[in-house]
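Hello,

Here is the structure I promised to pass on to you. Please open it alongside this email, and then read on for what turned up in it.

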Amino acid sequence: SGDSPFALPFDARSAGQASLGWLVPNWLLRKVAFDAATAEPLVTLETGRSVTGLVRDAHGATLKLADGGRLHAPIVVAADSRFSAVRRMAGIGAQMLDFGRIAIVVRFEHGDDHRGIAHECFRYGNTLATLPLPGRLSSAVVTLKADEAPEWLALTDADAQRLHGQLPGPW
């Protein structure tokens, strides 16, 4: 950690595994859930309508809609984000912890094959990870203090090229 030149490698193959894990993009998880819901004849998807109220009883739940409509169902799934208004209307709490960190993700193409290997560098105050994607693509993820994010987001391509030579590790 910090400024140490040492690395802690994790090699799935030496542990008899094909991989340590897989990165699955959120859009793909959402697509699979959407495809499964639309393939189920007993599921009705309602889009473009806002929920303003929820009443639960022994027979299910009734949703009050912004357009004045109402929907009744034996079950309601609150899948309207991690800040779900529907979850709150149902009286279901959630505990969240803000770590005061921001993750900035950039996709990039590189000349050498990444061989499916991810790298992460833990420094004082921030981390840098490269996560392999199909082909010669990777995602670079910088995690830093929230108040430092505007400076990083304002970097130009020229700034990034200048900083590239200062990065530790194999990237």
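Leu28 counts as partly exposed, because its relative accessibility is 33%. This is a predicted model, so please read everything below in that light. Leu28 sits in helix H1, which covers residues 26–39. Leu28 also belongs to a nonpolar patch on the surface, together with Trp22, Val24, Trp27, Leu29 and Val32. Taken together, the residues of this patch have about 710 Å² of accessible area.

**Salt bridges**

How many salt bridges does a search of the whole structure find? There are 3 of them.

One is formed by Asp35 and Lys31, whose closest N and O atoms are 2.7 Å apart. The two residues are separated by about one helical turn, because they lie 4 residues apart in helix H1. Asp35 is partly exposed, with a relative accessible area of 34%, and Lys31 is partly exposed too, at 41%. As general background, side chains of opposite charge can pair when their charged atoms come close.

Arg49 takes part in a salt bridge with Glu46, at 3.0 Å from N to O. Glu46 counts as partly exposed, since its relative accessibility is 41%. Arg49 is partly exposed as well, with a relative accessible area of 33%.

Arg49 also forms a salt bridge with Asp67, and here the closest N and O atoms are 3.1 Å apart. This pair links distant parts of the chain, with the two positions 18 residues apart in numbering: Arg49 is in the loop between H1 and strand E1 (51–57), while Asp67 is in the loop between strand E2 (60–65) and strand E3 (70–73). Is Asp67 buried or exposed? Asp67 counts as exposed, because its relative accessibility of 53% is over the 50% cut-off. Glu46, Arg49 and Asp67 are thus linked in a network of salt bridges.

**The sheet of three strands**

The loops just mentioned lead on to an open sheet. Its 3 strands come in the order E1-E2-E3, and the pairing is antiparallel. E1 and E3 are the edge strands, each pairing on one side only. On average, neighbouring strands of this sheet are turned by 20° against each other, direction ignored.

If you would like a spot to look at, try E2 and E3, which pair in the antiparallel sense over 4 bridges. There, Lys64 stands opposite Arg70 in E3.

**The sheet of four strands**

In which order do the strands of the other open sheet, with its 4 strands, come? The order is E4-E7-E6-E5, with antiparallel pairing. The edge strands are E4 (101–109) and E5, and each of them pairs on one side only. From one strand to the next, the twist averages 15°.

Strand E6, residues 126–132, is a good place to begin. E6 is mostly covered, with 5 of its 7 residues buried. E6 runs antiparallel to strand E5 (residues 119–123), and 5 bridges join the two. One pair to look for is Arg123, whose bridge partner in E6 is Asn126. E5 and E6 form a hairpin with 2 residues between them. In that turn, Gly125 has a positive phi of about 95°.

E6 also pairs with strand E7 (residues 137–145), in the antiparallel sense and over 7 bridges. Thr130 stands opposite Ala140 in E7, and Pro132 has Ser138 in E7 as its bridge partner. E6 and E7 make a hairpin as well, with 4 residues between the strands. Within this hairpin, Gly135 takes a positive phi near 75°.

As you look along the strands, it may help to remember that in a regular strand the side chains alternate between the two faces of the sheet.

**Where to start looking**

For a tour, I would begin at the nonpolar patch that includes Leu28. From there, go to the salt bridge of Asp35 and Lys31, and on to the network of Glu46, Arg49 and Asp67. The open sheet E1-E2-E3 can come after that, followed by the sheet ordered E4-E7-E6-E5.

I hope you enjoy exploring it.

Warm wishes

Note on methods:
Residues are numbered from 1 along each chain as its sequence is written. This is a predicted model: local features need pLDDT of at least 70, side-chain atom pairs count only at pLDDT 80 or more; totals for chains, interfaces and linings use all residues. Side-chain values use heavy atoms; hydrogens and water are left out. Patches are made of residues with over 30% relative accessible area and no salt bridge: like charges are joined within 9 Å, nonpolar side chains (Val, Leu, Ile, Met, Phe, Trp, Tyr) within 5 Å. Accessible areas come from the Shrake-Rupley method with a 1.4 Å probe; for residues, only the protein chains shown count as cover. A salt bridge is a side-chain nitrogen of Lys or Arg within 4 Å of a carboxyl oxygen of Asp or Glu. Buried means under 20% relative accessible area, exposed over 50%, partly exposed in between (1.4 Å probe, protein chains only). Two strands pair if DSSP finds at least two bridges between them. Axes are lines fitted to C-alpha atoms, for helices over the stretch in contact, and angles run from 0 to 180 degrees between N-to-C directions.
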